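Please look over the sequence and the model below before reading my comments. They are meant for discussion at the bench.

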Protein chains: 2
Amino acid sequence: MASNTPPSAHPRTALIAVDWGTSALRGARLDADGRVLEERASAQGILTVPPDQFATVFEANYGDWIGTYGTISLISGMAGSQQGWVQTPYCPCPAGFDEVAAQLRWIDAKTQRPRIAIVPGLSCEHPHAPDVMRGEEVQIFGAMQLTGLRDGLFVLPGTHSKWAQVQGGRVTGFKTYMTGEFYALLSQHSILAKTLGADGAFDAAAFCQGVDVALQGAGLLHTAFSARSLALFSRLGATPLASYLSGLVIGEELRSQQPQASQTLILIGSDALTSRYAMALARRGVASQRLGSESTWAGLHALAQTLQR
Amino acid sequence: MASNTPPSAHPRTALIAVDWGTSALRGARLDADGRVLEERASAQGILTVPPDQFATVFEANYGDWIGTYGTISLISGMAGSQQGWVQTPYCPCPAGFDEVAAQLRWIDAKTQRPRIAIVPGLSCEHPHAPDVMRGEEVQIFGAMQLTGLRDGLFVLPGTHSKWAQVQGGRVTGFKTYMTGEFYALLSQHSILAKTLGADGAFDAAAFCQGVDVALQGAGLLHTAFSARSLALFSRLGATPLASYLSGLVIGEELRSQQPQASQTLILIGSDALTSRYAMALARRGVASQRLGSESTWAGLHALAQTLQR
């Protein structure tokens, strides 16, 4: 989207949008229409920042933008967590733009110009436990803007995948699946680590084999062992085995969540990951639409617009 | 059982029974009735033994017994694996005493007196993959002897739990669940590791809470995250959290396996583990009978008797 902005237009920066996650810090200057004018990223995720150094690190990364353009900054992600800059309480579901905007946590609001705010994450209640997200809510809001949808199932695959139900433009509830983390644990620390090949070429056939096995419903505690026994009997090589295991865990997520073909399903995330999910969903006959990292900027832009209403 | 043998009886050693696992080496002298006369264990599991040193390590541990008593030795467990002493092909299910006895792998049979044999593991075929065990088959055989049962569901909880269906004294099939390994991965290497207390006192209430959550069927990829969110909202402390997570994984195993109250269910393993499984099974209304490590010696004894028929 940014590339469509002609340099000659000299658009005014209207928002400094920042996604401050566990392992990365990404920022963008957006104009009044939400177009990206400039992006800037670093590896200074919150886990690399000492507790009293968040303001300093933020200033070092985006101080020149603030000085030059004088606009507000909105920060989503783990910056609002216990280990982040300022702990920002979760906004309980159902939550849309208005609820989240009302719970923004302004930093040093009395003295600081221009103002910087941290976007709260969302929480919801399952019968057995609460559930939480930080950062994904902004991507969902952005995806709503980009697709025009105000209802649907919004899915954010990752270390901790989120499946969010959206109704009337508000997140009514969501579920976390530790799918990416389970894959990392199994492929790096389990007995399977010895037989798995290095992360090589993606093997679609082995991946779909894993998805289909998972969808049969025997449960991951059992099916994961098949990655070992198939290798032991030389029925799968080391390279396809990694794709097979990826299919097992993603298939297990789908088995648990049971998305239906009648649902409108939006996948938000990296191309590599959303393409795997789209492939797995197709094996259940579920169609999906895919969006990438542009959702974050679109979400923070829409949130900033809510503030100006 | 051994303690019931009066020393004055001077019973003759009829078998040197050995369980050579991944991380431990355990041996026992048994008399003709299967009574344990002496036990001897070391930490010399197969992973500690260089490929060409198995005979030496075995001699160092049990050479005096062999010299003194001159009986055969039967070795079960991972000694028959690729990384073990002599690779011993799996015996395919259905398999009972006769099938396993016929596939014993005799070591240096021509020259060596008295003879030493490795007991083969079992294999079976699921629609999606093969399944394997090494060592548990001997415990199942022993449990059959000790209980007099020739039919039932025999469950061996552990790093890789085995659920074996026994009919007419033969194992007709079985399923592996990586339950113990998943617990170790989650409690040591996942995001939960930070919030989990050190392995402290077992909290039965938290354990049962975890079992019940798992049995509701949302799937471990989702329920595991509740261990984090319950801690985040201070609804479970660090110490009960470990028991809760244990309940989640064991409950997930039961959810997948779905044992029925009408089944005869035998639990074989350490007291700490079988008592947790018995507690979890009770929440599904399934009764169980528990056996310990005596099953291994009883199984190897029964196998030796099969040889003499």
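The points below deal with one helix, the contact between two chains, and a domain assignment.

1. This is a predicted model, in which local features need pLDDT of at least 70 and side-chain atom pairs count only at pLDDT 80 or more, whereas totals for chains, interfaces and linings use all residues. Residues are numbered from 1 along each chain as its sequence is written, and chains are lettered from A and ligands numbered from 1 in the order in which they are written.

2. Helix α6 of chain B covers residues 220–232, 13 in number, and spans 19 Å between its first and last C-alpha, close to the expected 18 Å (1.5 Å times one less than its number of residues). Helices are DSSP runs of H or I with at least four residues, and strands are runs of E with at least two, numbered from the N terminus.

3. Twelve of the 13 residues of α6(B) are buried, so the helix is largely enclosed by the rest of the structure (buried: 20 or more other C-beta atoms within 10 Å of the residue's own, with C-beta atoms placed from the backbone). Among them are Phe225(B) and Arg228(B). Just after the helix, Ser234(B) has a positive phi of about 55 degrees.

4. In the interface, 35 residues of chain B contact 35 residues of chain A (C-beta atoms, placed from the backbone, within 7 Å). The elements of chain B that give two or more residues to this side include β12 (170–177) and α7 (238–257), while α6(B) provides the largest share, nine residues.

5. For chain A, the assignment, which is automatic or from a database, gives domain 1 (2–135 + 295–308) and domain 2 (179–291); their C-alpha centres lie 33 Å apart.

Methods. Contact = placed C-beta atoms within 7 Å.
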